Structures are given as C-alpha cells and as structure tokens.
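Okay, everyone, thanks for coming. Let me put the chain up on the screen, and then I'll walk you through a few spots in it.

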Amino acid sequence: GLGDVYKRQHVKRVDLPRMARETLHERALERSRKSSGDARGRAAKIDPESVAVVAFGGSYGGMLATWFRAKYPHLVDGAVAGSAPIWSFIGESPPVDPNAFALGVSFDATAWGGSPPACEGNVRRAFAELLSRASSGRGVASVAEPLRLCGGSSAPRDADDIARLAYWLQDAFDYLAMGNFPYPDSYILMGDGTLPAFPFRAACEKSAGDPRLARETRRDPDASLRVLADFADVYYNYTRALPCFDFKGSDAGGPNAASAADSSLWDWQFCTEMFMPTARDGVRDIFFSQPWNETRARRRCLETWGVEPRSRWADTTFGGRRLFALSNVVWSNGALDPWSRLGVNRDTDFLGVLDSRRGLAAVSIPNGAHHLDFFWSRDDDDEDVRRARTEETALVRRWIQEKHAAVGARKGRNGVVVA
C-alpha cells in the first residue's frame, strides 16, 4: 500500500553504525529535556528577584517555550510561543485529529485562503488522476511528460514509483503552505533561495486556478497533472535552473541539501519524542487516502532509524491540553499555517484553557503563515501582524510589571525579602 511505499522510500535514513544510532537515540530522547534544561541553567544564574525572564520560541521552539514556562515557573515569568503545535500528540482529550495538518494545507487552496476558487477542486482531481495511472505500465510511463520528470533511471517504472512521486509532490504543497508569507522570503528554503510572495497562491494562480480545467481534462487528462507540476516548479525549481524533476535522485529529499537534512532530522525527532499522528483522506483535504496507522508508523521508525517512538511521552511529560495550572503564555498562529489547527487558539481551546486573568492568550494572524510574527519587522508588514506583535508586547510588559510588583511587595524597606 501507499503507506508501505512511504515507509520504504520517502524518508531517507542516515546510515550510521548501530552503536552510533543507539547513542543518537539516547541523545534524541534528551533533546527536549536538555533544551529546557539548558535554558533552566541560564535562567537559574539570574537573580529571580531582580529581573523578569520571558521565553520566546517559534515552531518547535514555541513548544519548548510553552513547556519551559509550565515546568519552571519559578525561573521564567512568561512565554511567547509562535506556531507551536503543542496539542498534536497521542493521549489528549479530546483526541487530536490526525487530519488537522492536511486540512490546514487544503485551506490555503481555497478562496478563503486567498487562492483562486478553482484551485481546491483542480488539485484534488490532479492527485486522483496521478494515482489512477498506477494500474498499468502504460499509465505509469504517461505521467513523465506532463509532470516534467527527467528520463532514464529517474522516470517512474511501476506503481510504487507513482506512490513515491505522489508523496514527493505532496511535500511541495506542505512547505508552500507553511511558507505562505506575504512577501518573498528564504525561510522555507533554509536561506538557500527565495520563494515568491504568497507562494502557495502563486502556484494556485497557474493552471490550478483555471475554472475551465475540469472540462478540459475530459479531453486532455494530462492537463490535470500539469497542476501538480506547477506546484513542484514553485517549490523545487526556485532557482529556475532545473530542466526537469529528478524525484528519485538529486531532488528526492527536498529542494536543496539543507532542506533534505532538516527533513531527515525532523523525522528522527518524530520517531523519538515528537510522535504526532498524521493522516489524509482526499475527501476533507485535497490529497489522497493516507490513514493514520500507529503500528505501521512505529515499524517504519524502527526500520528507518532503529528506534521506537515513545507514543505518549510528550502528553504525559508536558500535560497536553491539561494546562489549568499554567499562566503567562501567549500563543500566536497564522490562519495560513497548517500547524495552526494543532496549536492553542480560540477554535481549538475545547477545555477553556485561555484565560486573560491568568495571562493565557491566543493571537490570530489572518494573513500569516508559520510564525510570521517572529520575523524581522518590515515597512510593508500587514496590519494583522503589526497588531499581533503589539498584543504580544503588551502582555510581556504586563508580566514584567507584575513580576517587579510582586518582588517589591515581598521586600521590606531595607531590601530584605519578607517570607
């Protein structure tokens, strides 16, 4: 099945000796704890009676900032967490929706996400057309030209190759959605190049945005596959120098070497500490059926990295949705960021964690993607990201003032702390 193809081929394993992999495993299990521990050590060197400490982090760093405040409230007085998907783990109640990320990507393909209205349906039909060609040798060979694939050994040869190709194309959608920023930026490409402003929309505005395409594909089914090629072109061909796509070779791991390494390292993190259920169905989202199967995911991790995930470690260690003892954290999420549905916002706060009296707030950035508010300020910033930063700044200022007021109240006139 598609999941087995993904397991065997989509994630590239770093080939390490067994001893080295075991050592890496132990280090990975300590990574979150060490990140918090390092910060704890630095904070502990600061006199908590003389200065306020606030943690900042985006993405995984936002998760750590949240957990740092939760675990060490005596050392850190607040946290600003951007695009932090802390509610994405097994063991939460209500349970995490494994399709949440895919639904977030699909939102960017809709008119509500700023794309041409036809894009959503055209993409869904394109993936269906691609997978339909896996049933015959002639069908497999026929995808190369409309998808602009390189020939020779790089050309798809069987149904497994079609599945591998589908996952490779899907990655372009995921990263363009995370990087759907309102101006050209290099973040998603690890600084190696620049994606255009609103890159997901830019891809949608090509053939995917044509409302006549559904009718045209009845005459020319290849027209549907060109939709997928357009998305690959924006993401993988950002240099504008690729004559074709080598999805089995040089382009397999990502658009450049740094992106490929980052993807591989995050897969390691997924297989050890950050075991987040993920699924797609091709009905609610624009992709194809990829049901969550924990047994299969655990087996893939063992075969790929030689490790088994600790399924409920994150939820047990950090509390999941049970944050009722927490205070002084502001979470920000961009509506265009697929991770936003797994973070803390008004739409996902089913248990009433958000509470202004305890300094727990959620800031929404309608035109923002992955932790846009953590980027450098620009003259052309939209009003919504300016507003988000203003709200975050006001909360940080409040926490600092509350800290100094509390310390002052505990001190006598001679500066001695009163119990």
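So, Glu402: buried or exposed, or somewhere in between? It's partly exposed, because its relative accessibility is 37%, between the 20% and 50% cut-offs. Keep in mind that this is a predicted model. Glu402 pairs up with Arg398 in a salt bridge, 3.0 Å from N to O. Both of them sit in helix α15, residues 383-410, and they're four residues apart, so about one turn of the helix. Arg398 is partly exposed as well, at 26% relative accessible area.

There's also a network, where salt bridges with shared partners tie together Arg148, Lys206, Asp230, Asp233 and Arg240. Hang on to Arg148, we'll come back to that one. How many salt bridges does a search of the whole structure find? It turns up 26.

One of them takes us between distant parts of the chain. Arg280 and Asp174 meet through their side chains at 2.7 Å, N to O. The two are 106 residues apart: Arg280 is in the loop between α12 (257-272) and α13 (294-305), while Asp174 is in helix α8, residues 159-178. And Arg280 and Asp174 are both buried.

Moving along to Asp281, this residue has a salt bridge with Arg284, with 3.5 Å between the closest N and O atoms. Asp281 counts as partly exposed because its relative accessibility is 25%, and Arg284 is partly exposed too, at 43%.

Now, Arg284 has a contact of another sort. Its C-alpha is 6.9 Å from that of Leu103, although the two are 181 residues apart in sequence. Leu103 lies in helix α5, and it counts as buried, since its relative accessibility is 16% and the cut-off is 20%.

Helix α5 leads us to a pocket, the second largest one, with about 410 Å³ of space. It's lined by 21 residues, and the closest to the centre are Ser340, Arg341, Asn345, Asp347 and Thr348. Which element gives the largest share of that lining? That's α5, with three residues. Strands β3 and β4 each supply at least two, as does α5. If you're thinking about the chemistry of that lining, it has 10 nonpolar, six polar and five charged residues.

Staying with those strands, Phe350 is in the loop between β3 (329-334) and β4 (360-365). It counts as exposed, because its relative accessibility is 52% and the cut-off is 50%. Together with Phe324 and Leu351, Phe350 makes a nonpolar patch on the surface, about 310 Å² of accessible area in total.

Last topic, the backbone. Most residues other than glycine have a negative phi, and most peptide bonds are trans. So here are some exceptions to look at. The bond from Ser93 to Pro94 is cis, with omega near 0°, and Pro94 is in the loop between β2 (78-82) and α5.

Then back to Arg148, our network member. Its phi is positive, about 60°, and it is not a glycine. You'll find Arg148 in the loop between α7 (137-141) and α8, partly exposed at 32%. Met190 also has a positive phi, near 60°. That residue is in the loop between α8 and α9 (199-204), and it's partly exposed, with a relative accessible area of 42%.

Okay, that's my tour, over to you.

Definitions and conventions. Residues are numbered from 1 along each chain as its sequence is written. This is a predicted model: local features need pLDDT of at least 70, side-chain atom pairs count only at pLDDT 80 or more; totals for chains, interfaces and linings use all residues. Side-chain values use heavy atoms; hydrogens and water are left out. Patches are made of residues with over 30% relative accessible area and no salt bridge: like charges are joined within 9 Å, nonpolar side chains (Val, Leu, Ile, Met, Phe, Trp, Tyr) within 5 Å. Accessible areas come from the Shrake-Rupley method with a 1.4 Å probe; for residues, only the protein chains shown count as cover. A salt bridge is a side-chain nitrogen of Lys or Arg within 4 Å of a carboxyl oxygen of Asp or Glu. Buried means under 20% relative accessible area, exposed over 50%, partly exposed in between (1.4 Å probe, protein chains only). On a 1 Å grid over the protein atoms alone, a cavity is a set of points where a 1.4 Å probe fits but cannot get out, and a pocket is an open set with protein on both sides within 12 Å along at least five of seven lines; lining residues have an atom within 4 Å of a point. Grid points are joined across faces, edges and corners, and a volume is the space filled by probe spheres set on the points. Ala, Val, Leu, Ile, Met, Phe, Trp, Tyr, Cys and Pro count as nonpolar, Asp, Glu, Lys and Arg as charged, and the others, Gly among them, as polar.
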